[in-house]
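Open the model in your viewer and have the selection tool ready. We will move from stop to stop, and at each one you will hear what to pick and what to look for.

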Amino acid sequence: MESCSWGRVVSESVHVLAARLVAAEHQHLPIDVLLEHATDLGREVGYYTAAAVHDARADGASWEAVAAAAGVSVETARDRWGERKVKRLLTRRAQEQCPCRSHQNSARRHGFAEAVPPEPEATAGAGSAVGGSHKLASALSYLQRKSGMTITDAAQQADLSPSYVSRVLAGDRVPSWAVVHMLATIFGGQASELRMLWESTQGGAHPPRQTVKGAAQRLQDAFRGLYLAAFCPDLEDVTIEGQVSAATVTEVLRGNVVPDWETTGALVAKLGGHPGDFRRLWEEFHYAFLASQVHFPPDGLSRWVLPGSDPDAGGSSA
């Protein structure tokens, strides 16, 4: 699998915050609200810079190249964006995103939806949430083992108790999204890949309609999360004779291919997941793709041009 891009995750948040600032300007909101949005945006840009440097270093960029790009000395670049410091910064970012009462009240006062909706932490219950909880725990456990970090060290960085982190990794505790994001970041993973696994434990609200690119990304992240939960098996072990090849699995995990539903369902089942959990994500992509290809006329679409419609089959038309 490709290494995760922390910069991509944070840049999407920068985009959202910038859009909120623009909306606030268009609504002629008070100066204190505008400056609050500007402060949030500036802070997130700082986090993005740290994440982008981390990604560049992971791709082999030298400290000299980073320092030249940032216009600082090599010593300053090392001190400002060393790996441990970046992880602490992104851990703090995850903690800041944890929904608290004051932030919820602020969002309601300004007329904006929450970036991270509030959700309860709970003990794993019955039904489908149990399976989702164990899949989430499996993915987090895999990342923890791969990172080589002890539970005690991770708990210390996350400002959580070791016993709580142990219960999360064992699937005995369903954490909030902020905690999932924080632990995934600490373990060197990409939190977005665990989003679908976490959502399956919550029964949360469906997101708004996606763009083709956004829907494809959510589906790819879900596949990669399920792959993590299966402990990243060899691709040959995921193949299905006559239906899904190792090459197809590789392209799906890289986000280069969105297979048809029959292949998608088979691949999900092969990875130990539930096809029904992926059906909504696949349909969102399918809808977004079709919507991008079809121009809906402003005066409406005649029912007789729809597939399967027969004007001679009876029925009235308006």
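Start by selecting Arg280, which counts as partly exposed because its relative accessibility is 21%. Bear in mind throughout that this is a predicted model.

**Across two helices**

Keep Arg280 on screen and add Glu199: the two form a salt bridge, with 3.7 Å between the closest N and O atoms. Arg280 belongs to helix α15 and Glu199 to helix α11, so this pair ties together parts that are 81 residues apart in sequence. Is Glu199 buried or exposed? Its relative accessible area is 16%, so Glu199 is buried.

While you are in α11, select Thr201, which also has its place in that helix. Thr201 is buried, at 11% relative accessible area. Show its side chain together with the backbone oxygen of Trp198, and you will find the two 2.6 Å apart.

**Salt bridges within a helix**

The whole structure holds 10 salt bridges, and the next two each sit inside one helix. Select Asp40 and Arg43, whose closest N and O atoms are 2.7 Å apart in a salt bridge. Both are in helix α2 (residues 31-58), and because they are three residues apart, about one helical turn separates them. Arg43 is partly exposed, with a relative accessibility of 37%.

Now go to helix α13 (residues 246-254) and pick Glu251 and Arg254, again three residues apart and so separated by about one helical turn. Their salt bridge has its closest N and O atoms at 3.8 Å. Glu251 is partly exposed at 26% relative accessible area, and Arg254 is partly exposed at 42% relative accessibility.

Which residues do salt bridges with shared partners join into one network? Select Arg195, Glu199, Arg218, Arg280 and Glu284 to see that network. Hold on to Arg195 and add Trp177: the charged end of Arg195 sits over the Trp177 ring, 4.5 Å from its centre. For another arginine over a ring, select Arg80, which lies over the face of Trp81 at 5.3 Å from the ring centre.

**Along helix α15**

Select residues 275-293 to bring up helix α15, where you will find Pro275. The 19 residues of α15 should span 27 Å at 1.5 Å a residue, and the end C-alpha atoms are 26 Å apart, so the two values agree.

Zoom in on Pro275, which is partly exposed at 30% relative accessibility. Setting aside neighbours within four places in sequence, Pro275 has contacts with Trp261, Gly265, Val268 and Ala269. Try a distance from Pro275 to Thr264 as well: their C-alpha atoms are 7.8 Å apart, with their positions 11 residues apart in sequence.

Next, colour the buried residues of α15: Phe278, Leu281, Trp282, Glu284, Phe285 and Ala288. What covers them? The cover includes α11 (195-202), α12 (212-229) and α14 (261-270).

**Aromatic pairs**

Five aromatic pairs turn up in the whole structure. Select Trp261 and Trp282 for a tilted pair, 5.8 Å centre to centre with 55 degrees between the planes. Trp261 lies in helix α14 and Trp282 in helix α15, so the pair ties together parts that are 21 residues apart in sequence. Trp282 is buried, at 11% relative accessibility.

Move on to Phe285 and Phe289, a stacked pair at 6.4 Å centre to centre and 20 degrees between the planes. Both lie in helix α15, four residues apart, or about one turn of the helix. Phe285 is buried at 16% relative accessibility, whereas Phe289 is partly exposed at 40%.

**Two loop residues to finish**

Most residues other than glycine have a negative phi. Select His28 for a contrast: it is not a glycine, yet its phi is positive, at about 55 degrees. His28 is in the loop between α1 (6-26) and α2, and at 71% relative accessibility it counts as exposed.

Your last selection is Phe231, in the loop between α12 and α13. Phe231 is not a glycine either, and has a positive phi of about 65 degrees. With a relative accessible area of 42%, Phe231 is partly exposed.

Key: Residues numbered from 1 in each chain as written. Predicted model: local features only at pLDDT ≥ 70, side-chain atom pairs only at ≥ 80, totals over all residues. Heavy atoms only, no water. Buried < 20%, exposed > 50% of the residue type's maximum accessible area, 1.4 Å probe, protein only. Contact = heavy atoms within 4.5 Å. Expected span 1.5 Å × (residues − 1). Salt bridge = Lys/Arg side-chain N within 4 Å of Asp/Glu carboxyl O. Polar contact = N/O pair within 3.5 Å; in protein donor to acceptor, adjacent residues only side chain to side chain. Phe/Tyr/Trp six-rings, centres within 6.5 Å; stacked < 30°, edge-to-face > 60°. Lys NZ or Arg CZ within 6 Å of the ring centre and 35° of its normal.
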